[in-house]
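Welcome! Take a look at the model below, then work through the exercises one step at a time.

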Amino acid sequence: MKEIILNHPLIEHKISILRRKDTSTKEFRELISELAMFLCYEALRDAKLETIEVETPIASTKGYVLNEDNYAFVPILRAGMGMVDGVLRVMPNAKIGHIGLYRNEETLEPVEYYCKLPKNIENKTVIILDPMLATGGSGSEAISMIKKRGVKKIKFLSIICAPEGIERIEKDHPDVEIYSAYRDSHLNDNGYIVPGLGDAGDRIFGTK
Ligand code: PRP
Ligand code: URA
């Protein structure tokens with residue numbers, strides 16, 4: 001498995017504002033979206049390009065295009081929705097699927113409630129979006145659901161991950177690449193990432 005942590009002063013700066021408990025809902029949403037854009041940029045580093053001919057005002061030259069139809073983004077509801085407009089700023093024509101999972105607060109096990117994926121998904125690289133990778137239960141379940149549809153190449157984008165979540169995905173799905181803006185210390189007894197940022201879904205949607 002490959003784990004890629006964005007290591008950049010700008011990311012540290014934005015993550016620190018995101019963590020603050022008095023950051024407004026508006027600013028929190030904007031930061032999640034921007035960080036998703038940076039993660040997507042990094043995740044596309046190995047993208048295959050097609051060669052085309054380009055006419056500049058001065059001369060003709062070789063150009064390169066990325067076929068956006070080869071990609072699908074799949075946010076895990078709800079919090080993953082906060083990352084969608086950031087990744088669409090980078091790849092506006094990519095298809096979007098949705099997976100609905102929530103974590104049972106007592107058992108911390110993921111509970112599935114929705115799954116709608118684009119057609120021909122088996123031929124695409126699927127990029128899963130979820131800001132928090134905590135125990136890894138939700139992420140691992142989402143990856144299994146997508147693999148059942150015949151998808152071969154999956155990447156997972158999270159804003160903050162815990163070592164426990166990385167270990168879980170590594171064990172269950174060693175073929176999946178995980179991109180994170182920050183790797184935190186550990187989980188607390190309630191399965192929250194420490195220091196983390198609290199409940200990402202509640203902070204994006206202002207539900208608490
Ligand atoms: C959060 C988060 C992940 C999950 C991570 O969602 O967005 O999906 O918890 O935890 P895990 O790695 O231990 O599974 P939550 O269940 O709170 O649902 P929500 O997005 O609807 O708020
Ligand atoms: N889900 C969240 O939203 N935050 C955490 O810290 C863990 C799971």
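A pocket is an open set of grid points with protein on both sides within 12 Å along at least five of seven lines. A pocket's volume is the space filled by probe spheres set on its points. Keep in mind that this is a predicted model.

**Exercise 1. Find how much space lies in the largest pocket, and what lines it.**

Step 1. Start with the volume: the largest pocket holds about 660 Å³ of space.

Step 2. Turn to the lining, which has 32 residues. Tyr102, Arg103, Ser138, Asp199 and Gly201 are the ones nearest the centre.

Step 3. Sort the lining by class: 14 residues are nonpolar, 11 polar and 7 charged.

Step 4. Match the lining to the fold. Strand S4 (71-77), S6, S9, H4 and helix H6 (200-205) each give at least two residues to it.

**Exercise 2. Work out where ligand 1 sits and which residues come nearest.**

Step 1. Locate the ligand: the space taken by ligand 1 is the largest pocket.

Step 2. Look at its shell of 15 residues, where Arg103, Asp130, Thr135, Gly136 and Ser138 come nearest. Strand S6 (98-103), strand S9 (132-133) and helix H4 (137-147) each supply at least two residues of this shell.

Step 3. Check for polar contacts, using a cut-off of 3.5 Å between N or O atoms. A polar side-chain atom of Thr135 is 2.6 Å from an oxygen atom of ligand 1. Backbone atoms take part too: a polar one of Ala134 lies 2.9 Å from a ligand oxygen, and an N or O atom of Ala79 lies 3.0 Å from one.

Step 4. Finish with the cover. On its own, ligand 1 has 500 Å² of accessible area, and the protein covers 90% of that.

**Exercise 3. Do the same for ligand 2: which residues surround it?**

Step 1. List the neighbours: Arg103, Met132, Ala134, Gly191, Tyr192, Ile193, Gly198, Asp199 and Ala200. By class, they are 5 nonpolar, 2 polar and 2 charged residues.

Step 2. Place the ligand: the space taken by ligand 2 is the largest pocket.

Step 3. Trace the backbone contacts. An N or O atom of Ile193 is 2.8 Å from an oxygen atom of ligand 2, and a polar atom of Ala200 is 2.8 Å from a ligand oxygen. Gly198 places a backbone N or O atom 2.8 Å from a nitrogen atom of ligand 2.

Step 4. Add the cover: ligand 2 alone exposes 240 Å², of which the protein buries 88%.

Key:
Residues are numbered from 1 along each chain as its sequence is written. Chains are lettered from A and ligands numbered from 1 in the order in which they are written. This is a predicted model: local features need pLDDT of at least 70, side-chain atom pairs count only at pLDDT 80 or more; totals for chains, interfaces and linings use all residues. Side-chain values use heavy atoms; hydrogens and water are left out. A residue is near a molecule or strand if one of its heavy atoms lies within 4 Å of it. A polar contact is a pair of N or O atoms within 3.5 Å; within protein, one must be able to donate a hydrogen and the other to accept it, and residues adjacent in sequence count only if both atoms are side-chain atoms. Accessible areas come from the Shrake-Rupley method with a 1.4 Å probe; for residues, only the protein chains shown count as cover. On a 1 Å grid over the protein atoms alone, a cavity is a set of points where a 1.4 Å probe fits but cannot get out, and a pocket is an open set with protein on both sides within 12 Å along at least five of seven lines; lining residues have an atom within 4 Å of a point. A molecule sits in a cavity or pocket if more than half of its atoms lie within 2 Å of its grid points. Helices (H or I, at least four residues) and strands (E, at least two) are DSSP runs, numbered from the N terminus. Ala, Val, Leu, Ile, Met, Phe, Trp, Tyr, Cys and Pro count as nonpolar, Asp, Glu, Lys and Arg as charged, and the others, Gly among them, as polar.
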